[in-house]
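Work through the exercises below with the model open beside you. Try each task before reading its solution.

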Amino acid sequence: MTRGLNKKVLCFIDESGTAGSGPFQLGALFVLAREAGRLDKAFSDLLPADANEVHAVKMANGYLQGLLDRLHGGADLDRVVMINQHFQGRQGGPPVVYAQAVVETVKIGMKRFRSVLGRDSVGNVDVITDVNQHNDHPDFDAEMERARRDDGRFRGVNRVVRLDSGASRLLQLADVVAYARRWIIDGEMNAHGLREKYGIDLL
């Protein structure tokens, strides 16, 4: 008998760098919708009560690493998937390059989330991106619709929505995940350390 649709999964995506102007990274965080509130609170509780939006590029590495270390140590992240994927040298206009990067990252994350659900496939996914000049563009929307219609695993995505990251701590956490590759570039740690210390998979 065919198994029913899995519970809703949320994927939060933010970027470090800018598509079309050199290398950039996407940070993606996958969590069951029913568990997103718990993760949001766990991250929010690590911040000062009067904290503004978390912008990784504007913060000290040590502070960001401390946040991730405490989150990894204090929250149950066994049912959360966090990935950092690097992109460069892609052909096409920035909105299309960004869209293709989102599709590739989401498909990989969906594959890895199978172990969380104990299923052979994952669907029923809502993708939430931090709104920017590339994903708020007709070419981006067209590529999303094409992928949702034709692109294998991505057909399990219900919708792709844009949200100002100031309204979502989990988008802000995705921003930190995207920025984390800088610590490898700067020689502060390696991919194994990023995985073991913070639960971030480097792609």
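Buried means under 20% relative accessible area, exposed means over 50%, and partly exposed lies in between (1.4 Å probe, protein chains only). Helices (H or I, at least four residues) and strands (E, at least two) are DSSP runs, numbered from the N terminus. This is a predicted model: local features need pLDDT of at least 70, side-chain atom pairs count only at pLDDT 80 or more, and totals for chains, interfaces and linings use all residues. Residues are numbered from 1 along each chain as its sequence is written, and side-chain values use heavy atoms, with hydrogens and water left out.

**Exercise 1.** Find how many residues of helix 5 are buried, and examine the start of the helix.

*Solution.*
- Step 1: Select residues 169-179, which form helix 5.
- Step 2: Apply the burial cut-off. 11 of its 11 residues are buried, so the helix is mostly covered.
- Step 3: Check the names. The buried set includes Arg-169, Gln-172, Asp-175 and Tyr-179.
- Step 4: Look at the start of helix 5. A side-chain oxygen of Ser-168 comes to within 3.3 Å of the backbone nitrogen of Leu-170.

**Exercise 2.** Compare the span of helix 3 with its expected span, and locate its bend.

*Solution.*
- Step 1: Count residues. Helix 3 covers 94-117, with 24 residues.
- Step 2: Get the expected span, which is 1.5 Å times one less than the number of residues. For helix 3 that is 34 Å.
- Step 3: Compare. From first C-alpha to last, helix 3 reaches 34 Å, close to expectation.
- Step 4: Fit axes to the seven residues ending at a residue and the seven starting there; the angle between them is the bend. At Lys-111 helix 3 bends by about 25 degrees.
- Step 5: Step past the end. Gly-118, just after helix 3, has a positive phi of about 65 degrees.

**Exercise 3.** Asp-120 and Asn-124: which is buried and which is exposed?

*Solution.*
- Step 1: Place Asp-120. Its loop runs between helix 3 and strand 4 (125-130).
- Step 2: Place Asn-124. It lies in the loop between helix 3 and strand 4.
- Step 3: Classify. Asp-120 has a relative accessible area of 72%, so it is exposed. Asn-124 is at 15%, so it counts as buried.
- Step 4: Check the backbone. Asn-124 takes a positive phi of about 60 degrees although it is not a glycine.

**Exercise 4.** What surrounds Asn-61?

*Solution.*
- Step 1: Locate Asn-61. It belongs to helix 2 (residues 61-74).
- Step 2: Classify it. Its relative accessible area is 18%, so Asn-61 is buried.
- Step 3: List contacts (heavy atoms within 4.5 Å). Leaving out residues up to four places away in sequence, Asn-61 touches Tyr-179, Trp-183, Asp-186 and Glu-188.
- Step 4: Search for polar contacts. These are pairs of N or O atoms within 3.5 Å; within protein, one must be able to donate a hydrogen and the other to accept it, and residues adjacent in sequence count only if both atoms are side-chain atoms. The side chains of Asn-61 and Glu-188 make one at 2.9 Å.

**Exercise 5.** Describe Ser-21 and its surroundings.

*Solution.*
- Step 1: Ser-21 sits in the loop between strand 1 (9-16) and strand 2 (24-32).
- Step 2: Its relative accessibility is 58%, so it counts as exposed.
- Step 3: Its side chain reaches the backbone oxygen of Thr-18 at 3.1 Å.
- Step 4: Gln-88 is 67 residues apart from Ser-21 along the chain, with 9.2 Å between their C-alpha atoms.
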